[in-house]
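Visitor: I have a structure open in front of me and would like to learn how to read it. Could you take me through some of its features?

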Amino acid sequence: MANIKEYLGNKVFYKRLVAIAVPISMQGLITIGVNMMDTIMLGSMGEIAISASSLANQFINIFHIFCMGMGMGANVMTARFWGAKDIQSLKKVCTIMFRMCIFISMLFTLATIFVPEMIMGIYTTEADVIYEGVKYFWWSIPTYFFMGMSLVTTIVLRSVGKVKVPLYTSIGAFFVNIFFNWLFIFGKLGAPRMEVAGAALGTLISRVFEFSIICGYFFLKDKDVGYRVKDLFMKCKDMVGDYMRISLPVFISDAMLALGENMVTMIIGRLGASFVSANAITMVTVRLSTVFSQGLSNASAIMTGHTLGMGHVEQAKKQGWTFLGLGALIGLFAGGFIMLTSDLIISFYNINAETQAIAQELMMAVGFIVIFQVMNGILTKGVLRGGGDTKFLMVADILFLWIASVPLGYFAGLVWHWPAFWIYTMLKIDQIIKAVWCIFRLKSNKWIKKV
């Protein structure tokens with residue numbers, strides 16, 4: 001009985017978990033709320049507007065995932081260094097991360113400036129959708145820098161236990177985004193009616209707001225890490241090798257995952273505007289139902305890093321199984337939530353009967369897949385990553401997406417013309433395979449690496 005209790009966790013464990021996971025989850029919920037309001041506001045203008053903004057955001061989402069790769073790769077090290085109270089090494093990791101973020105944001109900015117039509121053409125062949133998507137892109141050009149810096153800084157703040165500043169900032173950004181969306185999408189208070197472009201402008205303004213608060217706090221006010229603008233120019237060559245060894249697999253993993261997800265989007269984009277719109281609605285629902293699991297994933301990575309940084313290896317192993325059990329419970333709850341609320345959520349959108357029917361099928365598929373998706377996320381983005389097992393996770397993320405989801409989704413949708421339920425299931429089949437594979441990795445105890 002005593003052994004079982006050790007795997008269930010104690011009050012101290014759950015207190016720390018709640019203190020980290022709940023603010024992160026609330027921040028994620030707010031971000032999802034912004035995306036949902038964007039979709040609902042544009043949804044009143046029909047499938048073309050929803051599809052254009054959704055597909056344009058798929059490219060922007062590649063950058064978002066790249067930043068997550070950089071930030072979460074650094075998070076493995078910053079959490080460990082914070083646990084060991086090695087602030088100087090923590091600062092060096094931040095410097096490398098910020099430099100990479102600025103460089104990649106420049107690349108995405110240039111691509112959006114010079115080839116927006118080509119980018120949209122990757123996702124769809126429908127001229128109206130491409131035209132509206134390019135409008136969205138033009139107002140998104142400055143977004144990359146502000147979003148990237150805010151995102152990676154937020155991840156660092158979380159890794160040292162500072163979760164409230166990003167949360168409060170997201171709450172403010174939520175209202176900023178809604179107000180300026182309403183202002184520019186519909187042309188209120190004398191502002192021009194910009195429709196799809198107005199959604200992009202509203203998002204840009206909210207990103208500038210986030211950057212000002214989060215980066216302003218980290219670079220100017222925070223005293224625990226004490227990172228300042230001048231530290232961007234500090235010497236950190238001695239840390240580059242370790243950073244690349246730990247963080248590069250995370251970056252590559254997330255980058256290839258982003259490219260694979262975009263291949264999935266390309267397949268969906270060729271199934272017609274109705275399928276694209278239905279998928280956009282479904283994705284908002286998935287994010288809404290799994291928001292706490294994402295907070296739990298982040299918390300498990302941070303807590304695992306802190307525990308290992310303090311040298312408590314056996315405790316970290318037991319905590320891994322505790323996190324997995326919590327993930328299974330949340331996955332079951334999320335699946336039930338989606339199935340029970342799917343009709344209500346779909347009713348919020350002004351879409352035609354065909355799109356409604358597709359959305360209903362996708363919701364049923366999601367309700368099943370999400371159980372494995374949550375368990376998979378707890379392990380790949382949380383426990384195993386916090387243990388430094390980044391090379392294994394890189395293989396897991398790349399392998400199953402590219403040898404299973406992409407080819408099976410392609411044939412199911414564009415060759416075999418299966419029903420929407422089975423198309424989506426094939427597109428997400430990697431979530432099931434990866435969850436099972438990573439459970440065996442957790443059991444092996446080979447996931448705990450030296451940083």
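Visitor: By class, which residues make up the lining of the second largest cavity?

Guide: Keep in mind that this is a predicted model. For a cavity, sort the lining residues by class. Here the lining has three nonpolar and four polar residues, and no charged ones. The residues themselves are S54, L55, Q58, T265, I268, V276 and N279.

Visitor: Which helices supply at least two residues each of that lining?

Guide: Helix 3 (47-84), helix 10 (237-269) and helix 11 (273-289) each do so. Helix 3 gives the most, with three residues.

Visitor: What is the volume of this second largest cavity, and how many cavities of 30 Å³ or more are there?

Guide: Its volume is about 40 Å³. The count comes to two cavities of 30 Å³ or more.

Visitor: Let's move on to helix packing. At what angle do helix 3 and helix 12 pack?

Guide: With a pair of helices, look at the angle and the distance between the axes, then the handedness, then the residues that touch. Helix 3 and helix 12 (residues 291-309) pack at about 40°, and their axes are 7 Å apart. Angles under 35 degrees count as roughly parallel, and this pair is therefore oblique. The crossing of helix 3 past helix 12 is right-handed.

Visitor: Which residues meet there?

Guide: On the helix 3 side they are M72, N75, A79, R80, W82, G83 and A84, and they meet N298, A301, I302, G305, H306, L308 and G309 in helix 12. Sorted by class, the contact of helix 3 with helix 12 has seven nonpolar, six polar and one charged residues.

Visitor: Helix 12 also packs with helix 14. What is the angle in that case?

Guide: It is about 20°, and the axes of helix 12 and helix 14 are 7 Å apart. That angle makes helix 12 roughly parallel to helix 14. Helix 12 passes helix 14 in a right-handed crossing. From helix 12, the contact uses S293, L296, S297, S300, A301, T304, G305 and L308, while helix 14 brings V374, G377, I378, K381, G382, V383 and G386. The classes in this contact are six nonpolar, eight polar and one charged.

Visitor: And how does helix 14 cross helix 17: left-handed or right-handed?

Guide: That crossing is left-handed. The axes of helix 14 (residues 353-386) and helix 17 (residues 429-444) come within 8 Å and cross at roughly 40°, so the two helices are oblique to each other.

Visitor: Which residues of helix 14 and helix 17 meet?

Guide: Helix 14 offers F368, I369, F372, Q373, M375, N376, L379, T380, V383 and L384. Facing them in helix 17 are Q431, I432, K434, A435, C438, I439, R441 and L442. The residues of this contact divide into twelve nonpolar, four polar and two charged.

Definitions and conventions. Residues numbered from 1 in each chain as written. Predicted model: local features only at pLDDT ≥ 70, side-chain atom pairs only at ≥ 80, totals over all residues. Heavy atoms only, no water. Axes fitted to C-alpha atoms, helices over the stretch in contact; angles between N-to-C directions. Helix = DSSP H or I, 4+ residues; strand = E, 2+ residues; numbered from the N terminus. Parallel < 35°, antiparallel > 145°, perpendicular 65-115°, else oblique. Left-handed = near helix turned anticlockwise from the far one by under 90°. Contact = heavy atoms within 4.5 Å. Nonpolar A, V, L, I, M, F, W, Y, C, P; charged D, E, K, R; others polar. 1 Å grid on protein atoms, 1.4 Å probe; cavity = no way out; pocket = protein on both sides within 12 Å on 5 of 7 lines; lining within 4 Å. Points joined across faces, edges and corners; volume = space filled by probe spheres on them.
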